[in-house]
Amino acid sequence: MDPENWKNEILCRDKQLSILLSLMGKNSQATPPAIFIYGHSSTGKTFLSRKIIEAKGAPQAFVNCIECQSQRLLYEDILGQLSGMLPCVQNDYARYARCETANDFVRLLKNLIANEKWEKETVYIKPLSQDQLKINVKQGVDNAERLRNMEGHILPVFLRLSELSDCNVCVILLTQIIWEKFNATSGYLDPVKINFPDYSKNELLQIMTLDAPKEYSKAFYSSYVNLLLSIFHMACRDLSELRHLALMNFPKYIEPIEKGDATEGDAHKLWRNIEPHLKKALQTVFLREVSSSQWEQYQLSDTSTLPPLLSARAHVELPFYSKFLLIAAYLASYNPAKSDRRFFAKSHGKIRQTKRMKKAETSSQLTGPKAFQLERLMAIFYSIVDVRVAPTAHIFSQISTLVTLQLLSQIGSGDQLDAPKYRCCVSLDFIRSVSRTVNFEVMKYLYEFAA
Amino acid sequence: MVKKKEYGLKEADDEVWDKVQDLLRARICQNSLPENMDGTFQSQREHLTDLIRRCATIGESNSALVIGPSGAGKTMLMSSILSELAKDSKISGNILQVHLNGLLQTDDRLAVQEITRQLRLENTIKDRVFGSMAEKLSFLLEALKKDEGKSQSILFVLEEFDLFAHHKNQTLLYNLFDISQSEQTPVTVIGLTCRLDVVELLEKRVKSRFSHRQIHLFHSLSFEQACKVCEDALTLPLNYLSKKFCTEWNSHVKEFLQERIVENSLRHLYDLDKSIRSVYSILLIPICRLGPSHPRLDSADVLDALKMSSCDSKSAMLQGLTILQLCLIIAMKHLAELYEGSNINFEMVYNEYQKFVQKKSHSIQCFGKPVCLKAFEQLIVLELVRPVEGSGFTGAKLTPKEYRSLKLLVTPLQVVETLNSFSGCPSELKMWATNPLPS
């Protein structure tokens, strides 16, 4: 291991690197019992800590708390990695030991360290989580956020592991969430906190330039990345996302050069070619509306159009009465009950002073759907369907089907039969397209839009 | 015999610095005992020593609670007493120790198992079945009786005592205290906890069997004493390594602690938290950085450490947001001020954001709703924005994402401060943060 050599590999993390290296010191030296590393996603938390711990060569375990959803899995995984006995074909899927509780874990860890003569070395445990722990004799935990959701005593146990086991253990927690949100009750030992700040625009540029393909010069690629950042940087600072986008759109950028329409020097021409393309990418690939492979295909063949977006495909074919039930539910959710008389009664009295009524403080399109009762839904339903419908079992079963399709949602689980309450969960666009298929003008009946 | 080479701070090589670090790190990181504890907690110390000694020699049963805030030195005091008593063969031969920790022994079954293990009675107990816990405990104690029928004294140390009080029916505590009250076996139960109201947690029958002997450990260090503790922690014993080196080092430590910056940072930490642990925390980095190329404790490192431990982590996270996310947070801040107390949802935030982008801003790109929603969900993951409890995130009460009511977990002051130090922040945004849009 030679940290000097890493200078080329690990960019823009000098300060964090030097702090971590000096905290860990030699393997035989004591380390702080716990180190807490926080920062946004893809700021190099996992990469850097893994690299350092691996270079140390001390006994180590990397755990991801997303994978270990129960404490038993977490403990057995850590012990398995430390002892080198992970379940696999060769050893008939044997584990190091059965370990259900924190008590057993600490005892077994002590035994293990004593047997392997590691007393002198630091063990790293790194639980990674969106709450992660690392254990080496130094350990690491990744995605440490999830440790909070396990039983209350697990996190304090890990934080005090070196004290409880009387061995030189260092637990590293990696997470996106700040320490104050972890620390709930007593018994918590404050770890050493290290912040990994986000990369600035220049640093992003510097790191992403490393990806430059061989055929093109670094300067050329970095000017391309610069263009890309000018479109995306406001919405996205995530390094891995940006790298992915850069690599995917690069073929389109160099297309004019390959065709011979432009040279590497024609920055302006290349920019005009790529800009609309990148803007489109922001609406589609960035949101995963089309998959990356679909996007690549679309780039290669000039003519083909984009496949329909995921969100645009959200069109559902429903039975006739279900459509009307859904429309009725939408009207009931977004119209105040007092306006029902005006819209749906055959002979309503004079409409008094609509102007004042309209001055409700916030529009219902902003505050969201309100709950309504079954009777109101049925009343609106009968008044908007022209044909006479009998309230058969089919109609009611269609309502519960709409609930299971999550187009409606039922509120309050208590009262299933008497006066259940519902809320409509679909958007205005969706309801408009549904009402168009049955020739119903939903806008005329909406309190906010009706004249 | 080879004459020991004399070297000073400057001539010392890697090996020497490693040894220095070994010693200092062990002191700071592992809560190991300071060598001279004289003066601190003298009366508490005598009290506890006396209890244990009487249990070992006369066979008196007792119980006591050591109470103090975390980091006050409860565990340290306990282990220093035990290591001192271990030197006295009359006592150490006469008493068995059982250490339990509320974090590890989370229920009574585990605790009894652990007691059996620590008393080395696994073989005796084998497969015997017991009707109750009292029966099992008394069997265990019976098995320890010596030949002449004289019972063996046992010392129970219960760390995180308050967690034991949460066990069902407090059976373990009841039995331990009951033994200490009635039976012949001399038992001393010592609980360590940081809850001041721990006695209120005990059931009435358990409370009545407890001797109500409470020993309080509070942070009683004055600032001068805290500095002295630091100096002690950094000082090398003269017989360690070479004499010249140690004297030079120790005088350097004295100088170092008198530097203005160091003293101020110590004072700052001391004002926040009087525990020794927090005062130690800023020594860690200067010590870790020692080496041949860096042979002195550096006050700049102290500042680094102070910055690391006291930086507002939420502001640090806010610095890493995108411009779009900042816009959303500012919009939320204004909405929260406008509709005090009522619910805010994404739809309203987006509406506010759009108003800003269309009317007030020229340099900020307008993003569509899906892009904003993605940025917003990231804020929820970072827990800067929190969904209000019971606002329908689970199956039956499903509400559309856009309409879930939310709460901003950032104070207005933090927002404004972040914007001031944010690199490349457009000036319109700063304006907007302080002046809400006219409605």
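Reader: Which helix of chain A holds K323(A)?
Author: This is a predicted model. In it, K323(A) sits within residues 320-334 of chain A. That stretch is helix α13.

Reader: Is K323(A) buried or exposed?
Author: The relative accessibility of K323(A) is 9%. A residue under 20% counts as buried. K323(A) is therefore buried.

Reader: Which residues does K323(A) touch, not counting residues up to four places away in sequence?
Author: Two of them are E317(A) and L318(A). The others named are V434(A), T437(A) and V438(A). So the buried K323(A) touches E317(A), L318(A), V434(A), T437(A) and V438(A).

Reader: Where is R376(A) found, and is R376(A) buried or exposed?
Author: R376(A) belongs to helix α17, residues 374-384 of chain A. Its relative accessible area is 18%. The cut-off for buried is under 20%. R376(A) in helix α17 therefore counts as buried.

Reader: With which side chain does the side chain of R376(A) make a polar contact?
Author: Leaving aside neighbours within four places in sequence, R376(A) is in contact with L331(A), A332(A), N335(A), P336(A), A337(A) and D340(A). One of these pairs is also a polar contact between side chains, at 2.7 Å. The partner is D340(A).

Reader: How many Å apart in space are R376(A) and I257(A)?
Author: In sequence, 119 residues separate R376(A) and I257(A). In space, C-alpha to C-alpha, the separation is 65 Å.

Reader: How many helices and strands does chain A have, and what share of its residues count as buried?
Author: Chain A has 20 helices. It also has 10 strands. Of its 451 residues, the share that count as buried is 53%.

Reader: Among contacts in chain A between residues at least 6 apart in sequence, what share join residues at least 24 apart?
Author: Start with the contacts whose two residues are at least 6 apart in sequence. Then keep those at least 24 apart. The share is 66%.

Reader: What share of the accessible surface of chain A belongs to carbon and sulfur atoms?
Author: The accessible surface of chain A is about 21,300 Å². Carbon and sulfur atoms hold 51%.

Reader: What residue in helix α3 of chain A lies four residues from E54(A), about one turn of the helix?
Author: Helix α3 of chain A covers residues 45-56. E54(A) is partly exposed there, at 43%. Its partner in a salt bridge, N to O at 3.6 Å, is partly exposed at 32%. That residue is R50(A).

Reader: By how many helical turns are E76(A) and R72(A) separated?
Author: Their salt bridge has its closest N and O atoms 3.2 Å apart. E76(A) is buried at 14%, whereas R72(A) is partly exposed at 28%. Because they are four residues apart in helix α4 (residues 71-83) of chain A, the separation is about one helical turn.

Reader: How many residues apart are R45(B) and E84(B)?
Author: The side chains of R45(B) and E84(B) form a salt bridge of 3.1 Å, N to O. The pair links distant parts of the chain, with R45(B) in helix α2 (residues 42-57) and E84(B) in helix α3 (residues 74-87) of chain B. R45(B) is buried at 12%, and E84(B) is partly exposed at 37%. In sequence they are 39 residues apart.

Reader: What area is buried between chain A and chain B?
Author: Interface size is often given as the accessible area lost when the parts come together. Here 69 residues of chain A are in contact with 63 residues of chain B. Carbon and sulfur atoms give 57% of the buried area. The total is about 5,500 Å².

Reader: Which three residues supply 13% of the area that chain A buries against chain B?
Author: No other three residues supply more of that area. They are N103(A), M234(A) and L366(A).

Reader: Which residue of chain A forms a salt bridge with K374(B)?
Author: The count between chain A and chain B is one salt bridge. In the bridge of K374(B), the closest N and O atoms are 3.6 Å apart. The partner is E241(A).

Reader: Which helix gives the most to the side of chain A that touches chain B?
Author: Between the two chains, 19 residue pairs are in polar contact. On the side of chain A, one helix gives the most, with five residues. It spans residues 14-24 and is helix α2.

Reader: By class, how many residues does the side of chain A that touches chain B have?
Author: Three classes make up that side. The counts are 29 nonpolar, 27 polar and 13 charged residues.

Key:
Residues are numbered from 1 along each chain as its sequence is written. Chains are lettered from A and ligands numbered from 1 in the order in which they are written. This is a predicted model: local features need pLDDT of at least 70, side-chain atom pairs count only at pLDDT 80 or more; totals for chains, interfaces and linings use all residues. Side-chain values use heavy atoms; hydrogens and water are left out. Contact means heavy atoms within 4.5 Å. Buried area is the accessible area (1.4 Å probe) that two parts lose on being put together, summed over both. A salt bridge is a side-chain nitrogen of Lys or Arg within 4 Å of a carboxyl oxygen of Asp or Glu. A polar contact is a pair of N or O atoms within 3.5 Å; within protein, one must be able to donate a hydrogen and the other to accept it, and residues adjacent in sequence count only if both atoms are side-chain atoms. Helices (H or I, at least four residues) and strands (E, at least two) are DSSP runs, numbered from the N terminus. Ala, Val, Leu, Ile, Met, Phe, Trp, Tyr, Cys and Pro count as nonpolar, Asp, Glu, Lys and Arg as charged, and the others, Gly among them, as polar. Buried means under 20% relative accessible area, exposed over 50%, partly exposed in between (1.4 Å probe, protein chains only). Accessible areas come from the Shrake-Rupley method with a 1.4 Å probe; for residues, only the protein chains shown count as cover.
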